Structure formats: structure tokens, C-alpha cells
Amino acid sequence: MGILVLIFIFISLTQHGDAHGPDSCNHGGGLCRVGTCVSGEYLAQYCFEPIILCCKNLSPATTES
């Protein structure tokens, strides 16, 4: 019974609001974090709204050589 509840919660989170998923966040240069973003990062979107955030650096690192 407990496993069914967890599956239901997971499905609900993936289908709610602006939930884009971790692949979208990682592809965009962000990291999925639980709760809040760390210092020097901002909330770009949600991996699984409203619990898991997609955080990106305030100043993007330059990869040009």
C-alpha cells in the first residue's frame, strides 16, 4: 500500500504545473535541488514542482577558449 502511495505522489508531481524534469534542467546547465537554491544560484524552473527546484548559476561560466 505504501508503495502505491509513493507512485501516486511521484506521478502527481511530474504532471503538476511547470514540472519539466531533471533532463530539461541538466540540459539547460542547471542542477535539481531539494528545498532551496544555494548561494550564487537562482530558481530557473522546477524539476518536480513544488519540491525539487532547478537552480542555475547567477553568472554563467564561460566555456569559450
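The side chains of Q45 and S24 are joined by a polar contact of 3.3 Å in this predicted model. Q45 belongs to strand β2. With a relative accessible area of 18%, Q45 counts as buried, because this value falls under the 20% limit applied to buried residues. Q45 therefore combines a buried position with a side-chain polar contact to S24.

The strand that holds Q45, β2, spans residues 41-48 and pairs with strand β3, residues 52-57, in the antiparallel sense. This pairing extends over 6 bridges. Two positions illustrate the register between the strands: L43 stands opposite C55 in β3, and F48 stands opposite I52 in β3. Together, β2 and β3 form a hairpin, with 3 residues between the two strands.

The loop of this hairpin contains P50, which is placed between β2 and β3. The peptide bond that joins E49 and P50 is cis, with omega at about 0°. In general, most peptide bonds are trans. The cis bond between E49 and P50 thus involves a residue of the loop between β2 and β3.

Strand β3 also pairs with strand β1, which comprises residues 31-34. The two strands run antiparallel and are joined by 4 bridges. Within this pairing, R33 stands opposite L53 in β3. Strand β3 accordingly has antiparallel pairings with β2, over 6 bridges, and with β1, over 4 bridges.

The loop between β1 and β2 includes G40. A relative accessible area of 36% was computed for G40, so this residue is classed as partly exposed, since the value lies between the limits of 20% for buried and 50% for exposed residues. When residues up to four places away in sequence are not counted, G40 touches K56, N57 and L58. For one of these partners, K56, the separation along the chain from G40 is 16 residues, and the C-alpha atoms of the two residues are 8.4 Å apart. Both K56 and N57 fall within the range of β3, residues 52-57. Contacts of G40 thus link the loop between β1 and β2 to K56 and N57, as well as to L58.

Terms used:
Residues are numbered from 1 along each chain as its sequence is written. This is a predicted model: local features need pLDDT of at least 70, side-chain atom pairs count only at pLDDT 80 or more; totals for chains, interfaces and linings use all residues. Side-chain values use heavy atoms; hydrogens and water are left out. Two strands pair if DSSP finds at least two bridges between them. Buried means under 20% relative accessible area, exposed over 50%, partly exposed in between (1.4 Å probe, protein chains only). A polar contact is a pair of N or O atoms within 3.5 Å; within protein, one must be able to donate a hydrogen and the other to accept it, and residues adjacent in sequence count only if both atoms are side-chain atoms. Contact means heavy atoms within 4.5 Å.
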